[in-house]
Amino acid sequence: MFDYRNNLKRILNQTAGDEKSLKNGLAAIKLILGMTADTATNNSPESAKNNVEVDFQQLNLLLKSLTRFISNTADLSAKNSALSAIQQLTLAPSINKEYRQNLIDLKKALNSAPATKDLIDKKVFEQALAPIKKPQRDYRKGKRYTVIRLLTGCDLINDSNRTVFTLTESQIHSLNLKSGDIVEAIPEDKNSHYDATILRVVGFRDLPSMEVDVISTFKYAVVQGRSGHLAITRNAQGKKLRVHGKQILLPVDSSKYWDENIRLTDGSIVDLAWYDGDVRLKKNPAEAIQIRWVYQLEQPKDPQIRKKKTKKEAKDTKIPRLEMDLHYQRVGIAVGDNQNEAILESVVNRYHGIPIPIDAFQGKKKVIENQIKDLDIVILVTAFAAHDSTWNISEFANKYHIKFAVSSSKGYQAFERALYRAENGLPAYEGNQTINYRLADK
């Protein structure tokens, strides 16, 4: 008689607590008990007509494959081996109906078992949709002020045109404020670094031209050159830097923007701003034009001034390329409000793709669908995407069979790896699993 006890113990030890794993384990146990019952009655007169010839080699293969698959649902070879063994067992001569039906049910359960990639994708979207706890604010205490935009930051003035607060660029950059915006703000007592905190934007009013200086901006400017000889001539889209219609070369003093959080080097992306009426623009634009914002790239936590390197050392410090060529595929970058758009577009361009920004703050399904239905690849940056858009992007990527991956960070490397996973059909979300990102040959 077939000794089934060790196999039952093995299945029970490998069965997890989720519903799919329990169903698979139950089907395997039923299969073993059913075959054992048939074997036990094989010598009886009643079983002579319904004799079941069990292929123990295929049965052993089935049990081993099921054990491997239950332990790791991403092991497709184990799943295929189990399905092959089931197919062979169903072809056994004189097999009874119950035995065959158990095998058929087990086969259906295996085919419908979700892969690890699907489980991870489901988990990341559930996390993205989880409500974020926002600090409680008492809007009743907020007073209304009018914004006067400065080259960096802004002033908040009251109804008497007196400046009450001055805010830094880091406080208002994401709000995209302009002169004339009406905001509600409260004094900041807990944080001594800031005068006030803006609660919300509530309106806009036209200001007399005599009260407001006109400000021009140049977004996503690219810093180029070596240390001590940095300059700006264009932005990330290739647009030339012009002041009053004249193309200029703007030298950059990196020492003014060097601390533990900000470092200007070759390849840095910044926003520029200047007053149109500044008389210094004609003779010395460098004195009139200021860097309003520095986009944060992934950099070492403890930056040090770099020493001069030999040509060989400098070559070795370049960012390594992954083994990937997009061959001019259309890559949708799902971010909100153009945040870090230039940096992410540079990654797509590096691998010969065509970057197309998607406004992930736009939650209307029809708008999202029209933006992504003609794309080849979609990368969702969850740090910037609105929760109500996340599911829509995933749904339409699946509907139109678009390659899809998730970057949980705005960093260069995180987005680059997400692009690699999408192009090569790897899990959309990296998580804690180990993925081999092959590097291109030098």
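Two strands are said to pair if DSSP finds at least two bridges between them, and strands themselves are DSSP runs of type E with at least two residues, while helices are runs of type H or I with at least four residues, both numbered from the N terminus. With that in hand, select Lys-143, which stands opposite Ala-185 in E4.

The model is a predicted one, in which local features need pLDDT of at least 70 and side-chain atom pairs count only at pLDDT 80 or more, whereas totals for chains, interfaces and linings use all residues. Residues are numbered from 1 along each chain as its sequence is written, and side-chain values use heavy atoms, with hydrogens and water left out.

Next, select residues 143–149, which form strand E1, together with residues 181–187, which form strand E4; these two strands pair in the antiparallel sense over four bridges. Widening the selection brings in an open sheet of five strands, with antiparallel pairing and the order E3-E2-E1-E4-E5. At its edges are strand E3 (163–167) and strand E5 (196–204), each of which pairs on one side only. From one strand to the next the twist averages 35° (axes being lines fitted to C-alpha atoms, for helices over the stretch in contact, and angles running from 0 to 180 degrees between N-to-C directions).

Now show the side chains of Arg-144 and Glu-184, which meet in a salt bridge at 3.3 Å, N to O, the term meaning a side-chain nitrogen of Lys or Arg within 4 Å of a carboxyl oxygen of Asp or Glu. Because Arg-144 lies in strand E1 and Glu-184 in strand E4, the pair ties together parts that are 40 residues apart in sequence. Arg-144 is exposed, with a relative accessible area of 54%, whereas Glu-184 counts as buried at 7%; here buried means under 20% relative accessible area, exposed over 50%, and partly exposed in between, with a 1.4 Å probe and protein chains only. Add Arg-200 to the selection to display a network of salt bridges that links Arg-144, Glu-184 and Arg-200.

Staying with strand E1, select Arg-149, which forms a salt bridge with Glu-169, the closest N and O atoms being 3.0 Å apart. Glu-169 belongs to helix H7 (residues 169–172), 20 residues from Arg-149 in the chain, and both residues are buried.

Finally, go to Arg-330 and Asp-376, whose side chains meet in a salt bridge (3.3 Å, N to O). Arg-330 is in strand E13 (residues 330–335), and Asp-376 is in the loop between helix H12 (365–372) and strand E15 (377–381), 46 residues apart. Arg-330 is partly exposed at 35% relative accessible area, and Asp-376 is partly exposed at 25%.
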